[in-house]
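Open your viewer, switch to a cartoon view and keep the sequence panel beside it. We will go from one selection to the next and see what turns up at each stop.

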Amino acid sequence: MALAGPLRLWLACLLLCGAAPKPTCDPSACPPCPERDVEGPAPPTAGGCCPHCPPPCTCPPYLESDCEMQGFASGRVPAGRSFYIDFARKLCTCQPGGDIACVPLCPRLPHTCQAVGSPVADGCPRCVCYDEEEMAVPAGTVTSRGTRICTCPPQGGRLQCSGGEGKE
């Protein structure tokens, strides 16, 4: 029975170790990932509890000027941050894997569009009608031209006016 003493001691140790309080991980205690330019992923902190910060994305050569104009002078965009391209018609975001993904912000044009223009300040192409002065009128709108009431159909194309003098 010489083994009973060490076995009891080992079991007691095992029970005490299992009952010891374990450190808790509080994600709210983790610092935010750095906004400044960093090389590679940032190391975890708070006792190894916090996840690594994803690496920043490198702007490809064709996007470098867009990155620089929007505050990413080093050509590196922190993960999760975004910038606009193509006259703010696309939004590009640095993905956690290090790639930059761009999505269009303009709605898709319906295939039934008869005339296309950019009558709104956002620069997105839309179905339009052109009046006699070649001004774009958004599809689906009603406007007045002097004493005439004009309508641009939903698919754009020809501005349809009624009443008053003159022609469209």
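Strands here are DSSP runs of type E with at least two residues, numbered from the N terminus. With that in mind, select residues 100-104: this is strand β5, and V103 lies in it. Keep in mind as you look around that this is a predicted model.

**The whole chain**

Zoom out and colour by secondary structure. The protein chain has two helices and twelve strands. Follow the cartoon along the sequence and you will meet them in the pattern α-β-α-β-β-β-β-β-β-β-β-β-β-β. Now turn on the surface. The accessible surface of the protein chain comes to about 11500 Å², and 61% of that belongs to carbon and sulfur atoms. Of the 168 residues, 22% count as buried.

**A nonpolar patch**

Go back to V103 and show its side chain. Is V103 buried or partly exposed? Its relative accessibility is 43%, so V103 counts as partly exposed. Add Y84 and L105 to the selection. Together with V103 they form a nonpolar patch on the surface, with about 270 Å² of accessible area between them.

**Strand β3 and its two faces**

Y84 leads us to the next stop. Select residues 82-85, which make up strand β3. In a regular strand the side chains alternate between the two faces of the sheet. Show the side chains and look for this: which residues of β3 are on the covered face, and which on the uncovered one? F83 and I85 belong to the covered face, while S82 and Y84 belong to the uncovered face.

**The β3-β4 hairpin**

Add residues 90-94, strand β4, to your selection. Strands β3 and β4 pair in the antiparallel sense over four bridges. One of the residues to pick out is L91 in β4, the bridge partner of Y84. The two strands form a hairpin with four residues between them.

Now zoom in on that turn. D86 has a positive phi of about 55 degrees. Click on F87, which lies in the loop between β3 and β4. Phi of F87 is near 55 degrees, again a positive value in a residue other than glycine. What makes this worth a look is a general rule: most residues other than glycine have a negative phi. F87 has a relative accessibility of 73% and therefore counts as exposed.

Stay here and show the side chains of D86 and R89. They meet in a salt bridge, with 3.2 Å from N to O. R89 is partly exposed, with a relative accessible area of 24%. D86 also counts as partly exposed, at 33% relative accessibility.

**A buried acid in helix α2**

Select residues 64-69 to see helix α2, and pick D66 within it. Setting aside residues up to four places away in sequence, D66 touches F83, Y84 and I85, so you are looking again at residues from strand β3. Which side chain of opposite charge is nearest to D66? It is K90, 10 Å away; D66 is buried yet has no salt bridge.

**C59 and its neighbours**

Next, select C59 in the loop between β1 (57-58) and α2. C59 counts as buried because its relative accessibility is 4%, where the cut-off for buried is under 20%. Leaving aside neighbours within four places in sequence, C59 is in contact with E64, C67, G75, V77, F83 and I100. Try a distance label too: the C-alpha atoms of C59 and S74 are separated by 9.0 Å, and these residues are 15 apart along the chain.

**The second salt bridge**

A search of the whole structure finds two salt bridges. You have seen the one between R89 and D86, so now select R145 and D131, whose side chains meet with 3.0 Å from N to O. R145 lies in strand β9 (residues 142-145) and D131 in the loop between β7 and β8, so the pair ties together parts that are 14 residues apart in sequence. Is D131 buried or exposed? D131 is buried, with a relative accessible area of 4%, whereas R145 counts as partly exposed at 21%.

**Last stop**

Finally, click on E134 in the loop between β7 (126-130) and β8 (136-138). Phi of E134 is near 65 degrees, a positive value in a residue other than glycine. E134 is exposed, with a relative accessible area of 59%.

Conventions. Residues are numbered from 1 along each chain as its sequence is written. This is a predicted model: local features need pLDDT of at least 70, side-chain atom pairs count only at pLDDT 80 or more; totals for chains, interfaces and linings use all residues. Side-chain values use heavy atoms; hydrogens and water are left out. Patches are made of residues with over 30% relative accessible area and no salt bridge: like charges are joined within 9 Å, nonpolar side chains (Val, Leu, Ile, Met, Phe, Trp, Tyr) within 5 Å. Accessible areas come from the Shrake-Rupley method with a 1.4 Å probe; for residues, only the protein chains shown count as cover. A salt bridge is a side-chain nitrogen of Lys or Arg within 4 Å of a carboxyl oxygen of Asp or Glu. Buried means under 20% relative accessible area, exposed over 50%, partly exposed in between (1.4 Å probe, protein chains only). Two strands pair if DSSP finds at least two bridges between them. Lys and Arg count as positive and Asp and Glu as negative; His and the chain ends are not counted. Contact means heavy atoms within 4.5 Å.
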